[in-house]
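Thank you all for coming; I would like to walk you through one chain this morning, going from its overall dimensions to a few individual residues. Please have the sequence and the model open while I talk.

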Amino acid sequence: MQAKKFHLGWFMNGYRVHGWRDQWIGTHKSEGMLPDFYVDMARSLERACFDYFIIEDSSFVPDAWQGKHDFYVENAYAVPKFDPSVLASILTQNTSRLGIVATLAITEYPPYLLARLVSTMDHVSRGRAGWNMVTASSDRAAQNYGHDAQPDHDIRYDMAEEFTQLVIKLWESWGPGSMVVDQDGIFADPAKVHPVDFHGEFYKSRGPINSARSPQGRSVIVQAGGSEKGRAYASKYADSIIASATTVEQMKAYRDDVRARAEVHGRDPDSVKVLFLVSPILGETHQAALDRRQQAQEEAAANPVMRLAGMGYATDIDFSVFDLDTPIKDLASLMVTNGHQSSLQQFVAHNWERTLREVAVQSSTSAGQRVELLGTPSEVADQMGDVMATVGGDGFLITQDVLTRRSLSEICDGLVPELQRRGLTRTVYSHEMFRDNLLEF
């Protein structure tokens, strides 16, 4: 079965210091704190005709290892981290076709402020802005904003649905054709600009928004819907979904599920683009790729704390209190979180027989977390085509733990040309705006 043309995105773990210990980081050891590297990165992704570049975010200094922030500060793990909307705005001015998606949490913004911010980014980008909707999950983030803890997981999604309804109404408070811009007449038609007078359980706003109608009408909404509540939200509102699966069968089942849900909501399932997270391991030869994987596993085995502290950051669980050689199945009942529940469930389900030490080694190459893609650029391109042929679409989100110019070039200048030669990804952009390119195929 031949795969259809599919989409590519890049998921970056925050506007932060990347690969600062790697020999390929460059001459400036704090380069990740400056926009220059990311401008180069965005231009590379645009040259490779990626659909979008998404910047993850969190709003706290982690302390999920030994109850202290020491490990994270000493190792620049998820800190320092900067506001993604500032970087996103800079990137829009240095690209012309690439979609730029900033992560903004509904528990950290009032709806009007977020709607106006994203609308402004859509204007300055000429229709290429996206919003990655997250509910935030860490109590530490909540405490930074004056709360004791995050609301319960399911309540956060109830809030997210109402929040999104309001944001969309604000975006649409300037209707189609409202921008007349007639120098001999009027700038905007007041009959097509209206208040929203929204009164919900969690939010209210009068409107209209004061930033005018966005070039896209409304910006692209991206969301990672893994839990039951998350899938329900994603299928109703998301234009693109960040998905994670460990087998091709799981990928297909997930995509089929959210497409069916979208249809129930009266949406065209082809308008919901599901992109799966992958971390290709590339080498000039197949053996070189195997050697790279082996090296990563050996480094992880020598320092399992790095991976376990990372899992603690993602799940809000302090793994330092557990014996590293205890199987996950014996610890599962002790792993409880109000944070990323789908991540925790997937972590437990796919590592049931492994010990924490073994998980730390495997996760160094995303084994047991994502479908493995390994080999030469040509081999990996074939693997990606085979996966999409089975899944049915819609594409991949590349992500890397250690991000350097070299690793970026391996994807954009090594792997993507092989995909393009096979007709699997675009070679040119057909449209100027983000949503139009996302819906092209």
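**Parallel strands and local details**

Let me begin with a single pair of residues, V222 and S240, which are bridge partners, with S240 sitting in β10. Before I build outwards from that pair, please keep in mind that what we are looking at is a predicted model.

The pair belongs to a parallel pairing between β9 and β10, which is made over 2 bridges. On from there, β10, which covers residues 240-243, also pairs with β11, again in the parallel sense, and here the pairing runs over 4 bridges. Within that second pairing, A243 stands opposite F276 of β11.

Which residues of β10 are covered on each side? S240 and I242 are buried on one face, and I241 and A243 are buried on the other. The strand β11, residues 273-278, can be described in a similar way, since 6 of its 6 residues are buried. On one side of β11 these are K273, L275 and L277, while V274, F276 and V278 are on the other; I would draw your attention to K273, a lysine that is listed among these buried residues.

Let me move to another group of strands, arranged around β3, which spans residues 52-55. Both of its faces are covered, with Y52 and I54 buried on one side and F53 and I55 buried on the other. The strand β1, residues 7-12, runs parallel to β3 and is joined to it by 4 bridges, and in that pairing F11 stands opposite I54. The strand β3 also pairs in the parallel sense with β5, residues 99-105, over 4 bridges, where F53 has I100 as its bridge partner in β5.

Now for the chain as a whole. Its secondary structure comes to 15 helices and 14 strands, and the C-alpha trace spans about 70 × 55 × 45 Å along its principal axes. How does the radius of gyration relate to that of a compact globule? For 441 residues the globule value would be near 22 Å, and the chain has 22 Å, so the two agree. Buried residues make up 54% of the 441, and, of the contacts with a separation of 6 or more, 75% are between residues 24 or more positions apart.

As for the surface, the accessible area is about 19000 Å², and carbon and sulfur atoms contribute 50% of it. There are 43 positive and 58 negative side chains, and the centres of those two sets lie 4 Å apart.

Let me turn to an arginine in a helix. R231 lies in α7, residues 228-237, and its relative accessible area of 22% makes R231 partly exposed, because the buried class ends at 20%. Which residues does R231 touch, once its neighbours within four places in sequence are set aside? They are G225, G226, Y254, D257, V258 and R261. The last of these, R261, is 30 residues away from R231 along the chain, yet their C-alpha atoms are separated by 8.2 Å.

A contrasting case is V336, in the loop between α10 and α11. With a relative accessible area of 64%, V336 is exposed, and the C-alpha atoms of V336 and L374, which are 38 residues apart in sequence, are 33 Å apart in space.

Finally, there are some backbone geometries that I would check in any set-up script. The peptide bond from G207 to P208 is cis, with omega near 0°, and P208 is found in the loop between β8 and β9. A cis peptide bond also joins G393 and D394, with omega about 0°; D394 belongs to the loop between α13 and β14, and its residue type, as the name shows, is aspartate rather than proline.

Positive phi angles deserve the same care. R126, which is not a glycine, has a phi of about 60°; R126 is in the loop between α4 and β6 and counts as exposed at 67% relative accessibility. D197, likewise not a glycine, has a phi of about 45°, and D197 is placed in the loop between α6 and β7, where it is partly exposed at 49%.

Conventions. Residues are numbered from 1 along each chain as its sequence is written. This is a predicted model: local features need pLDDT of at least 70, side-chain atom pairs count only at pLDDT 80 or more; totals for chains, interfaces and linings use all residues. Side-chain values use heavy atoms; hydrogens and water are left out. The radius of gyration is taken over C-alpha atoms; the globule rule is 2.2 Å times the number of residues to the power 0.38. Buried means under 20% relative accessible area, exposed over 50%, partly exposed in between (1.4 Å probe, protein chains only). Contact means heavy atoms within 4.5 Å. Accessible areas come from the Shrake-Rupley method with a 1.4 Å probe; for residues, only the protein chains shown count as cover. Lys and Arg count as positive and Asp and Glu as negative; His and the chain ends are not counted. The place of a charge is taken as NZ of Lys, CZ of Arg, CG of Asp or CD of Glu. Two strands pair if DSSP finds at least two bridges between them.
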